[in-house]
Amino acid sequence: METTSACTGLTCTECDASHDPDPAAGRCPECGGILDPTYDYASLSGTPSALGFADGPDSMYRYDALLPFPASASVTMAEGATPLVDCPSLADEVGVGRLLIKDEGRNPTGTFKDRGATVAVTAAAMAGASDVALPSAGNAGQAAAAYAGRAGLDAHVFLPSRAGFDQKAMVNVHGADLTVVEGRLPEAADACADAVAEASWTAIGSFETPYRHEGKKTMFYEVARSLDWTAPDAVVYPTGGGVGLVGVHKAARELERLGVTDDLPRLYAAQAAGCAPIARAVEEDREQTTPWETPDTICGGIEVPDPAAGSLVLDAVRASGGGAVATDDDAILESACTAAASAGVEMGAPCAAALSGAEALAADDELGTDDTVVVLNTGSANKDTDVLRSHLMKKGI
Ligand SMILES: *Cc1c(COP(=O)(O)O)cnc(C)c1O
Ligand SMILES: [Zn+2]
C-alpha cells in the first residue's frame with residue numbers, strides 16, 4: 001500500500017474514532033459514520049512551492065501532498081487543473097464586485113465528478129477490489145465507469161430512469177454494467193445497496209467512501225492558486241449531496257491552517273427550489289436536514305432529497321459564515337442561458353443553480369459589490385442542451 005507521507009489515516013466524523021490509513025475503508029467500522037482522511041499538517045511546510053504546489057503534474061495531483069495517494073500511484077487522466085474564468089459582464093448583472101466561474105466542464109467526462117472518481121477508484125484498485133458499485137443521478141456513474149475501465153475494474157452503475165440519455169449511454173460505452181432503476185435517486189440507491197450486500201462489491205457512492213469528497217476538495221486549492229494564494233470572499237456551490245461543498249470547506253481550512261492563505265471564504269449551498277433540504281434546514285435553523293417529500297426539479301444532478309451528510313454540509317455553510325439559497329427551475333435555466341449568451345461559459349442545468357443562487361444572494365445583500373465571488377460550474381452544458389434549448393422555446397425563441 002502506498003499512501004502519501006503526511007497522511008495519518010481516517011477519522012470518523014460521528015464517533016471521532018481514528019483508523020489507520022486504508023484504501024479499502026468505507027464507512028466507520030465502529031459506528032457506520034462518514035470517514036474523513038487526516039494528515040499531519042505540522043509535518044508539512046506552509047509555502048506553496050515547498051508543498052509542491054508550484055509545479056508538478058498539470059492536474060489535481062499537483063496537490064497530492066494533501067491527498068491520501070500519490071500521483072504516481074493514481075488512476076488518473078489529468079483531471080482538474082480547470083480554469084477560473086473572469087466574467088465581468090455577469091458580475092455586473094448579478095451585482096457583485098467580481099464574479100469568477102470555476103469551469104469544471106473541462107474535465108475528462110465533463111464534470112467535477114472525475115475528481116472524486118479518480119481517488120475512489122485508485123483506492124479500490126490499491127485495495128485489490130475487482131468490482132465497484134454506486135448509485136448516481138448520472139454524472140458520478142459516468143465518471144466511475146470511465147476510471148474503473150481505465151483501472152481494469154468492473155463498475156456496476158445504478159441510475160434512476162430519469163437520468164440523462166448521455167450519461168446512460170456513456171456508462172455503457174465505458175464498458176460498465178448499467179442498471180436503470182424505475183424511480184428516482186433514492187430507489188437507485190436502495191437497489192445498489194441490495195446488490196452490494198449480495199455480491200460484496202466495493203461501494204463508492206457519495207460518502208460511502210472517504211475518498212470522493214477528498215478528491216473534490218482539490219477544486220479549492222486550484223481556486224486559491226488562480227487567485228495568487230488568496231481566498232475569494234464567497235464560493236457558491238450547486239448542492240445535491242454536498243460532497244464537493246464538504247471537500248471545499250476542508251481544503252479552505254487546510255490552506256489557512258498551513259498559512260498558504262490568510263482567510264476563509266463564505267460557503268453557500270445553492271439548491272433547486274423543488275428539492276432543497278439543505279436550504280430549508282438553514283432557514284429553519286436546524287442541525288439536521290429532513291427528507292424532502294416530493295422532489296421535483298429538472299436539475300436531476302442536484303436532486304438529492306435526503307443527503308447522507310446533511311449535518312456536515314450545514315456545519316460547512318454555518319462555520320464559514322455563509323448560508324444557503326434555493327431558486328426555481330425557470331430562474332436556474334435562465335441563468336445558464338445568460339452565462340452562455342453574455343459570458344460564453346457553458347453551464348450545465350444543475351450547475352446554473354449556483355449562478356442563479358448567487359443572483360438571489362446578491363438581491364438579498366448577502367453578496368455585494370465588495371465581494372469576489374467564485375461560482376462553481378460543476379459540469380458542461382453538453383449534457384443538458386435539450387433542457388436549455390427547451391427553456392428558450394418556452395420563451396418563444
Ligand atoms: C453531482 C453533481 C452536483 C452535486 O454534487 P454534490 O457534491 O452531490 O452536491 C452538482 N452538479 C453536477 C453537474 C453534478 O453532477
Ligand atoms: Zn464512527
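User: What does D64 touch, not counting residues up to four places away in sequence?

Analyst: D64 touches T4, F69, P70 and A71 once residues up to four places away in sequence are left out. Bear in mind that this is a predicted model. As for its place in the fold, D64 is found in the loop between β3 (35–39) and β4 (84–86).

User: What makes the side chain of D64 and the backbone nitrogen of A71 a polar contact?

Analyst: The side chain of D64 reaches the backbone nitrogen of A71 at 2.8 Å. The cut-off for a pair of N or O atoms is 3.5 Å, so this pair qualifies.

User: How far apart are D64 and S5, in sequence and in space?

Analyst: They are 59 residues apart in sequence, and their C-alpha atoms are 9.9 Å apart in space.

User: On to the helices. Why is α3 called roughly parallel to α4?

Analyst: The axes of α3 (residues 139–151) and α4 (residues 165–173) come within 9 Å and cross at roughly 20 degrees. Angles under 35 degrees count as roughly parallel, so α3 is roughly parallel to α4. The crossing itself is left-handed.

User: Which residues make that contact, and how do they split by class?

Analyst: From α3 you have N139, G141, Q142 and A145, and from α4 there are D166, Q167, M170 and V171. By class, that's 3 nonpolar, 4 polar and 1 charged.

User: And what makes α2 oblique to α3?

Analyst: The axes of α2 (residues 113–126) and α3 come within 9 Å and cross at roughly 40 degrees. Roughly parallel needs an angle under 35 degrees and roughly perpendicular starts at 65, so α2 ends up oblique to α3. This crossing is right-handed.

User: Which residues of α2 and α3 make the contact?

Analyst: On the α2 side: K113, D114, A117, T118, V121 and A125. On the α3 side: N139, A140, A143, A144, Y147, A148 and A151. Sorted by class, they come to 9 nonpolar, 2 polar and 2 charged.

User: Why does α8 get called oblique to α10?

Analyst: The axes of α8 (residues 243–257) and α10 (residues 310–319) come within 9 Å, with a crossing angle of roughly 45 degrees. That value falls between the 35 degree limit for roughly parallel and the 65 where roughly perpendicular begins, so α8 is oblique to α10. The crossing of α8 and α10 is left-handed.

User: Which residues in α8 meet which in α10?

Analyst: L245, V246 and H249 in α8 meet L312, V313, D315, A316, V317 and A319 in α10. The class split for this contact is 7 nonpolar, 1 polar and 1 charged.

User: How many residues surround ligand 1, and which are the closest?

Analyst: 16 residues surround ligand 1, and the closest are K113, Y237, G240, G242 and T378.

User: What makes K113, K216 and G242 polar contacts of ligand 1?

Analyst: Set each distance against the 3.5 Å cut-off. An N or O atom in the K113 side chain is 2.8 Å from an oxygen atom of ligand 1. For the side chain of K216, the distance from an N or O atom to a ligand 1 oxygen is 3.2 Å. A polar backbone atom of G242 is 2.6 Å from an oxygen atom of ligand 1. These pairs are within 3.5 Å, so they count as polar contacts.

Technical notes: Residues are numbered from 1 along each chain as its sequence is written. Chains are lettered from A and ligands numbered from 1 in the order in which they are written. This is a predicted model: local features need pLDDT of at least 70, side-chain atom pairs count only at pLDDT 80 or more; totals for chains, interfaces and linings use all residues. Side-chain values use heavy atoms; hydrogens and water are left out. Axes are lines fitted to C-alpha atoms, for helices over the stretch in contact, and angles run from 0 to 180 degrees between N-to-C directions. Helices (H or I, at least four residues) and strands (E, at least two) are DSSP runs, numbered from the N terminus. Angles under 35 degrees count as roughly parallel, over 145 as roughly antiparallel, 65 to 115 as roughly perpendicular and the rest as oblique. A crossing is left-handed if the near helix is turned anticlockwise from the far one by less than a right angle, and right-handed if clockwise. Contact means heavy atoms within 4.5 Å. Ala, Val, Leu, Ile, Met, Phe, Trp, Tyr, Cys and Pro count as nonpolar, Asp, Glu, Lys and Arg as charged, and the others, Gly among them, as polar. A residue is near a molecule or strand if one of its heavy atoms lies within 4 Å of it. A polar contact is a pair of N or O atoms within 3.5 Å; within protein, one must be able to donate a hydrogen and the other to accept it, and residues adjacent in sequence count only if both atoms are side-chain atoms.
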